[in-house]
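User: Hi! I'm new to reading protein structures and would love some company while I look at this one. Can we go through it together?
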Amino acid sequence: MAKKAKQTEAEKVLCNIFKRFATDLQAEQEGRKYYLDRDTDAYILVASYKRNKNLQRENVEILERAEHKGDDVEQEFVKAFVRNCVKGWNNISNIEGEELPYSPEAALELLVQLPDLVEDLIKFASDNENYRIEEIAKN
């Protein structure tokens with residue numbers, strides 16, 4: 001087995017752990033754009049799922065209530081996610097094609113009807129890559 005030649009200081013390659021792991025805490029809280037259609041600039045602004053303390057607390061409460069009542073919790077988890085992670089949207093319409101202004105109430109009403117979209121939003125919100133510090137990630 002050949003021995004690996006010792007690297008000189010000029011040849012040394014370092015792993016930038018900030019590029020791999022640093023996230024923008026403001027973006028995690030305020031949200032990043034999940035594009036539905038880039039041509040029309042239609043997006044939903046989604047906060048991070050992983051470090052969202054309010055969402056974690058609410059999910060624990062939902063589970064505790066369900067243990068006592070035997071409730072089906074899936075809809076409650078969806079509502080908690082929407083309340084805590086959906087921060088806004090742009091160029092979204094209702095079923096009739098009319099513009100639907102964002103409000104927390106409108107988000108709940110709309111998204112509980114679209115479980116596939118909510119599933120995609122949860123995946124987006126759970127992926128730290130979506131919240132990386134852009135200046136570092138570009139390098």
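User: Let's start with two helices, H3 and H4. How close do their axes come, and at what angle do they cross?
Analyst: Happy to help! One thing to keep in mind is that this is a predicted model. In it, the axes of helix H3 (residues 53-69) and helix H4 (residues 74-85) come within 9 Å, and they cross at roughly 160°.

User: Are they roughly parallel or roughly antiparallel, then?
Analyst: Angles over 145 degrees count as roughly antiparallel, and therefore H3 and H4 are roughly antiparallel to each other. The crossing in which H3 passes H4 is right-handed.

User: Which residues make the contact?
Analyst: On H3 you'll find Asn54, Leu55, Glu58, Asn59, Ile62 and Leu63. H4 brings in Glu76, Phe77, Ala80, Phe81, Arg83, Asn84 and Cys85.

User: And how many of those are nonpolar, polar or charged?
Analyst: In the contact of H3 with H4, seven residues are nonpolar, three are polar and three are charged.

User: Let me zoom out. How many helices and strands does the protein have?
Analyst: There are seven helices and three strands. Their order along the sequence is α-α-β-β-α-α-β-α-α-α.

User: How much of the protein is buried?
Analyst: Of its 139 residues, 32% count as buried.

User: What about contacts between parts that are far apart in sequence?
Analyst: Take the contacts between residues at least 6 apart in sequence: 61% of them join residues at least 24 apart.

User: New topic: rings! How many aromatic pairs are there?
Analyst: A search of the whole structure turns up five. One of them is made by tyrosine 34 and phenylalanine 124, with 5.4 Å from centre to centre and 75° between the planes, an edge-to-face pair.

User: Where do those two sit in the chain?
Analyst: Tyrosine 34 is in strand E1 (residues 32-37) and phenylalanine 124 is in helix H6 (residues 115-126), so the pair links distant parts of the chain, 90 residues apart.

User: Are these two buried or exposed?
Analyst: Tyrosine 34 has a relative accessible area of 18%, so it is buried. Phenylalanine 124 is buried too, at 13%.

User: What about tyrosine 49 and phenylalanine 81, how are their rings arranged?
Analyst: Their ring centres are 6.0 Å apart and the planes stand at 35°, so this pair is tilted. Tyrosine 49 lies in the loop between strand E2 (42-46) and H3, while phenylalanine 81 is in helix H4, so the pair ties together parts 32 residues apart in sequence.

User: Phe81 was in the helix contact as well! How accessible are these two?
Analyst: Yes, Phe81 of H4 is among the contact residues. Phenylalanine 81 is buried, with a relative accessible area of 1%. Tyrosine 49 is partly exposed, at 28%.

User: Do any rings form a cluster, and which ones?
Analyst: Ring pairs link Tyr34, Phe124 and Tyr131 into a cluster.

User: Back to Tyr49. How far is its C-alpha atom from that of serine 126?
Analyst: The two C-alpha atoms are separated by 5.1 Å, although the residues are 77 apart along the chain. Serine 126 is in helix H6 and is partly exposed, with a relative accessible area of 22%. Leaving out residues up to four places away in sequence, serine 126 touches Tyr49 and Lys50.

User: Last one: where is asparagine 128, and what does it touch?
Analyst: Asparagine 128 is in the loop between H6 and helix H7 (134-138). It is buried, with a relative accessible area of 18%. Not counting residues up to four places away in sequence, asparagine 128 touches Thr23, Lys50 and Arg51.

Definitions and conventions: Residues are numbered from 1 along each chain as its sequence is written. This is a predicted model: local features need pLDDT of at least 70, side-chain atom pairs count only at pLDDT 80 or more; totals for chains, interfaces and linings use all residues. Side-chain values use heavy atoms; hydrogens and water are left out. Axes are lines fitted to C-alpha atoms, for helices over the stretch in contact, and angles run from 0 to 180 degrees between N-to-C directions. Helices (H or I, at least four residues) and strands (E, at least two) are DSSP runs, numbered from the N terminus. Angles under 35 degrees count as roughly parallel, over 145 as roughly antiparallel, 65 to 115 as roughly perpendicular and the rest as oblique. A crossing is left-handed if the near helix is turned anticlockwise from the far one by less than a right angle, and right-handed if clockwise. Contact means heavy atoms within 4.5 Å. Ala, Val, Leu, Ile, Met, Phe, Trp, Tyr, Cys and Pro count as nonpolar, Asp, Glu, Lys and Arg as charged, and the others, Gly among them, as polar. Rings of Phe, Tyr and Trp (its six-membered ring) pair if their centres lie within 6.5 Å; planes under 30 degrees apart count as stacked, over 60 as edge-to-face and the rest as tilted. Buried means under 20% relative accessible area, exposed over 50%, partly exposed in between (1.4 Å probe, protein chains only).
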